[in-house]
Amino acid sequence: MRIFLAALVHETNTFSPLPTTIASFEELVLHRPGQAHTLDRARRSAGYAEAWAQIQARGHEAIEGLCAYAQPSGPLSRRDYEALRDELLADLQATGPVDQVVLVLHGAMVADGVWDCEGALLTRVRRVVGPGVPVGALLDLHGNLSPDMLGSGAVLVACKEYPHTDYAERARELLDLLARQSRTGRAHGAVMHRAPLLGIFGTTAGPMKDFVVRLKAAEQQPGILSVSAFHGFPWSDTPHTSAALLVLYEADDAVLAQRAQALCAELAGAFFDLRETASAPRLAPDAALDAAVAAMDGSRPVVIADGADNPGGGAACDSTFLLRAVLERGLRGVALGMLWDPQAVAIAMAAGVGARLALRIGGKVGPLSGDPLDVVAEVLAVRSDAQQTGLGGLKDDLGQAVALRVAGSNADDGVDVVLNTTRQQVFSPDCFTALGIAVAAKRLVVVKSTQHFRAGFDPIAAAVLYCDAPGSLNGNLAALPYRHLVRPIWPVDAMP
Ligand SMILES: [Zn+2]
């Protein structure tokens with residue numbers, strides 16, 4: 001079979017201080033058909049990599065169109081969004097007849113005046129290929145599911161795990177469902193049910209781990225093809241922003257359609273019932289540091305997640321609130337990363353390894369980044385080729401990166417900070433160890449990430465704590481100036 005494969009991925013934080021343009025995609029992944037130098041980067045992008053591998057494993061021909069990923073940030077301009085959308089559609093048209101279409105999308109992409117970029121794109125893709133060609137989309141569970149996405153008739157499959165460690169399984173599921181459609185010529189039925197809640201729900205432990213088990217059990221019921229639980233993306237002010245359940249079923253008879261409806265409503269209700277317990281508590285910076293000191297066991301590091309400044313949700317990734325607090329307390333044996341600060345990186349690289357220099361770091365993008373910190377830093381390492389292991393074991397480039405010791409004169413009393421030029425969250429210890437920082441031997445590690453870091457850090461951590469410093473992804477959702485949400489929704493509104 002000839003399968004058209006393309007990706008257009010952006011998680012849009014409508015409260016982010018950073019705009020999103022075509023250049024934002026160029027900084028991360030912007031692969032165009034026939035462009036040899038970007039193909040490797042495209043094929044190690046989470047979601048696209050697994051979908052491409054599935055097509056290869058089945059012996060089909062992947063016809064690769066646009067593959068575009070940008071780091072989460074603010075809404076795209078309408079012009080840039082439409083340019084990328086139309087480029088993808090032109091690639092599809094130029095391909096000629098295909099047997100299937102596989103798209104890798106996020107589900108929370110917003111452009112000026114377009115709340116639901118994925119729904120609009122899928123609708124247009126359907127128009128190009130007609131009603132008979134199976135179309136599928138692999139989505140992030142942080143997508144805000146919309147009626148237009150369902151209305152396109154696409155097979156929609158979202159990852160179930162947060163951290164998103166299951167793209168390989170979900171890509172297999174999506175290709176299985178498309179193969180079923182190609183084989184039988186029968187479309188699936190789809191039903192969605194909004195669960196009026198917003199939050200950050202890791203699935204590594206607690207009630208959400210059990211909820212994932214329940215979703216998978218529901219998929220074993222006769223006639224049920226797939227169940228996805230969208231957590232939604234809270235820092236997105238749109239009418240579609242919400243958690244939602246999606247059930248795909250064999251659209252053969254009315255009784256099954258009713259059962260799918262009931263199952264979807266039941267699971268949405270179960271998700272809503274978890275609202276008070278599904279999120280790990282987030283501590284204020286001082287409380288997080290107190291708890292970290294109490295949890296230090298002398299052999300393994302305590303890890304604090306600075307989720308409010310996670311670039312993986314659209315934050316600037318240069319806030320100094322936690323670093324300042326660590327330095328003020330005189331905490332020893334600390335590593336912190338990564339601060340996005342191209343200017344300080346350039347100065348430190350020019351100074352070179354071993355230099356000691358006065359440097360102003362972080363706090364540059366806006367008020368939610370805090371004030372910059374003036375430090376005396378020793379340059380421990382500089383690299384332009386460092387990578388970290390990202391989701392699914394894929395290699396993620398750090399750009400130009402430096403390790404600095406910003407206090408003390410040896411590893412036991414210093415605070416080691418990684419700064420880099422590619423705005424990216426911490427996925428794994430590699431972003432420290434690649435720069436010579438023995439992170440497993442530290443007493444405390446502070447990471448700019450909300451949850452994805454757990455896949456790489458749980459094996460070395462004495463404890464993991466979630467902190468809620470000021471920032472673009474601060475967890476106090478009720479304080480965000482929402483204007484377009486469908487109300488009521490928890491926790492913005494008190495709901496019984
Ligand atoms: Zn996500």
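**View 1. Strands 12 and 18, side by side.** Leu-336 stands opposite Val-417 of strand 18. Strand 12 (residues 334-340) and strand 18 (residues 415-420) run parallel here, joined over 5 bridges. Strands count as paired if DSSP finds at least two bridges between them, and strands (E, at least two residues) and helices (H or I, at least four) are DSSP runs numbered from the N terminus. What you're looking at is a predicted model: local features need pLDDT of at least 70, side-chain atom pairs count only at pLDDT 80 or more, and totals for chains, interfaces and linings use all residues. Residue numbers start from 1 along each chain as its sequence is written.

**View 2. Two helices on the sheet.** Helix 12 (residues 342-351) packs on the sheet and touches strand 13, strand 14, strand 17 (401-405) and strand 18, with its direction at about 170° to that of strand 13. Helix 11 (residues 321-329) lies across several strands, including strand 11 (302-306), strand 12 and strand 20 (463-467), and runs at about 150° to strand 12. Contact here takes C-beta atoms, placed from the backbone, within 7 Å. Axes are lines fitted to C-alpha atoms, for helices over the stretch in contact, and angles run from 0 to 180 degrees between N-to-C directions.

**View 3. The 9-stranded sheet.** Here 9 strands make an open sheet with mixed pairing, in the order 10-20-11-19-12-18-17-14-13. Strand 10 (282-283) and strand 13 (356-361) are the edges, each pairing on one side only.

**View 4. The sheet of 6 strands.** This open sheet is mixed too, and its order is 2-3-1-4-5-6. Its edge strands, each paired on one side only, are strand 2 (29-31) and strand 6 (155-158). From one strand to the next, the twist averages 20°.

**View 5. Strand 1 meets strand 4.** Strand 1 (residues 2-9) pairs with strand 4 (residues 100-105) in the parallel sense, over 6 bridges. Look for Ile-3, which stands opposite Gln-100 in strand 4. Helix 4 (residues 78-95) packs on the sheet, touching strand 1, strand 3 (61-69) and strand 4.

**View 6. The two sides of helix 9.** Ala-260, Leu-263, Cys-264, Leu-267, Ala-268 and Phe-271 are buried in helix 9. They sit on the same side of the helix because they cover an arc of only 130° around the axis, the arc being that of the directions from the helix axis to the C-beta atoms. On the other side, Ala-254, Val-255, Gln-258 and Gly-269 are exposed. Buried means 20 or more other C-beta atoms within 10 Å of the residue's own, exposed 12 or fewer, and partly exposed in between, with C-beta atoms placed from the backbone.
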